[in-house]
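Thanks for coming. I'll take you through one structure today, from a few single residues out to the whole chain.

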Amino acid sequence: MTQQLFQSYRLNDTLTLTNKIVMAPLTRCMADDNLVPTTAMAEYYGRRAQAGLIISEAVIIRPDGQGYPNTPGLFTPEQIQGWRQVTDAVHANGGKIFAQLWHTGRVAHPHFYQQKTGYSDVFAPSAVAVEGTVPRMRELTYQTPTPVSAVQIEQLVNDYSQAAANAIDAGFDGVEIHGANGYLIDQFLHHDSNRREDEFGQTPENMARFPLAVVDAISQRIGADRTALRVSPGAYFNMGSDSRDRDVFDYFLAQLQARDLAYLHIGIFDDAMEFDYLGGTASAYVRQHYTKTLMGVGSYSAETGDQAIAEDKFDLLAIGRPFIANPDYVERVRSGEKLVDYSEEMLTTLV
Ligand code: FNR
């Protein structure tokens, strides 16, 4: 029933995964107050090294990218050193790990960086606030962002690229650019959050310009074979829906198809969800426009994920919540042992 999952998978000349089960990126908010990964985090990731690949929880590239408490960073020497413990623990147990690089854009909150940096701007493509408050911190309402200037966009590209180089210094096998789930890169790709009238807005070519600049800068810095990207063509989180987004992603995916990334990953919580303007599910839409290595995710079990790979819906399966509940997820699936059910209370401890 899980024959596909236990085959090895060659991403490229540099990287071959021992199986097709990937640990999805899962924010845990457990870094220390300097956003340095802890020993407990190293142990947590080390316990999950049987996955063909681990994608780290999202890691902020610079202080103003932070939108949640105690999310780790990759911009100080201490943070790089902290991640070294994590990558060592994973490698010692025979695993591989990518860092997910993150800037939350308009989902950032100065509460997290104002004291340390002295500034309180929230940066995004346009001055369109996301509605609501920071999860579990109801007193923090999202503020209207300041549109980034062309010079600031160039700086962001440099900061992504530097964070990728820092990830390699920290021992990661590669990076996944977080271009999904309504955060900064995704904010450029959707009309709801991108109302710009310069060379970064309005047309598919313009709206994809910054995301592609990040992809290309990182590919040049650390190699395309170690660079991956997560995308959410369907607006479903921190984002309003707009049918014009379809043209943006048609163009963006064609551009990605012409590059040689390690893989492309869908960002979604439930891959059964259908989007009118995509003509179906996010993964089916991306598969039609992108023929290279695709990672599916979103409420799959090992069995339904295996089936989806057998049907060629995608090539690799990312598993999120079940990996929180079962550090030994891979072994349990292999031996047919029952899985522990996930529940939200599990987020309060790092097991
Ligand atoms: C997530 N997800 C997520 N996605 C991402 O790209 N970066 C992240 O840091 C996080 N953090 C995160 C935390 C928690 C607690 C949850 C539950 C989810 C989304 C995750 O990677 C995955 O797409 C979803 O959980 C759906 O997969 P499962 O859980 O149904 O296998």
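I'll start with a definition: a residue is called buried when its relative accessible area is under 20%, exposed when that figure is over 50%, and partly exposed in between. Take Q66, which has a relative accessible area of 3% and therefore counts as buried. Keep in mind throughout that this is a predicted model.

Where does Q66 sit? It is in the loop between strand 4, residues 53–60, and helix 2. A polar atom of the Q66 side chain lies 2.8 Å from the backbone oxygen of Y68. Setting aside residues up to four places away in sequence, Q66 touches L35, I60, T71, T104, A108, H109, F112 and Y113.

One name on that list, L35, deserves its own slide. L35 belongs to the loop between strand 3 (21–23) and helix 1 (39–46). Its phi is near 65 degrees, a positive value in a residue other than glycine. Is L35 buried or exposed? With a relative accessibility of 4%, L35 is under the cut-off and so counts as buried.

D312 makes a useful companion. Phi of D312 is also a positive value, near 65 degrees, and D312 is not a glycine. This residue lies in the loop between helix 10 (302–310) and strand 16 (316–319). D312 has a relative accessible area of 48%, so the word for it is partly exposed.

Next, a threonine in a helix. T87 is part of helix 2, which covers residues 77–92. Its relative accessibility is 0%, and therefore T87 is buried. What does the side chain of T87 reach? It reaches the backbone oxygen of A170, at 2.7 Å. A170 also appears among the contacts of T87 beyond four places in sequence, which are I97, A170, G171 and F172.

Now the nonpolar cores. In soluble globular proteins, nonpolar side chains tend to be buried together. Here the largest nonpolar core has 99 residues, and L74, L101, F210 and L256 are the ones with the most contacts inside it. Looking at F210, and not counting residues up to four places away in sequence, we find that it touches I153, L156, V157, Y160, L184, I185, F188 and F200. Apart from that core there is another, of 16 residues, including L35, Y113, V134 and Y142. You have met L35 and Y113 already, as residues that Q66 touches.

On to the ligand. Which residues come nearest to the ligand? Of the 19 residues around it, they are P25, T27, R230, S299 and R321. For polar contacts, I have three to show you. A backbone N or O atom of P25 lies 2.8 Å from an oxygen atom of the ligand. A backbone N or O atom of G320 likewise lies 2.8 Å from a ligand oxygen atom. With Q100, a polar side-chain atom lies 2.9 Å from a nitrogen atom of the ligand. As for how covered the ligand is, it exposes 610 Å² when taken alone, and the protein buries 91% of that.

Two pairs of positions give a sense of distance. E43 lies in helix 1 and is partly exposed, because its relative accessible area is 45%. E43 and S243 are 200 residues apart in sequence, and their C-alpha atoms are 44 Å apart in space. The other pair is T144 and A40, which are 104 residues apart in sequence and 36 Å apart, C-alpha to C-alpha. T144 is in the loop between strand 8 (137–141) and strand 9 (146–147). Leaving out neighbours within four places in sequence, T144 is in contact with A127 and A129.

Last, the whole chain. It holds twelve helices and 16 strands. The C-alpha trace spans about 55 × 45 × 40 Å along its principal axes. A compact globule of 351 residues would have a radius of gyration near 20 Å, and the chain has 19 Å, so the two agree. Buried residues make up 58% of the 351. Of the contacts between residues at least 6 apart in sequence, 72% join residues at least 24 apart. The accessible surface comes to about 13,900 Å², with 47% of it belonging to carbon and sulfur atoms.

That's where I'll stop. I can go back to any of these slides.

Methods: Residues numbered from 1 in each chain as written. Predicted model: local features only at pLDDT ≥ 70, side-chain atom pairs only at ≥ 80, totals over all residues. Heavy atoms only, no water. Core = buried A, V, L, I, M, F, W, Y, C linked by side-chain atoms within 4.5 Å. Buried < 20%, exposed > 50% of the residue type's maximum accessible area, 1.4 Å probe, protein only. Contact = heavy atoms within 4.5 Å. Helix = DSSP H or I, 4+ residues; strand = E, 2+ residues; numbered from the N terminus. Polar contact = N/O pair within 3.5 Å; in protein donor to acceptor, adjacent residues only side chain to side chain. Near = heavy atom within 4 Å. Areas by Shrake-Rupley, 256 points an atom, 1.4 Å probe, with all protein chains shown as cover. Rg over C-alpha atoms; globule rule 2.2 N^0.38 Å.
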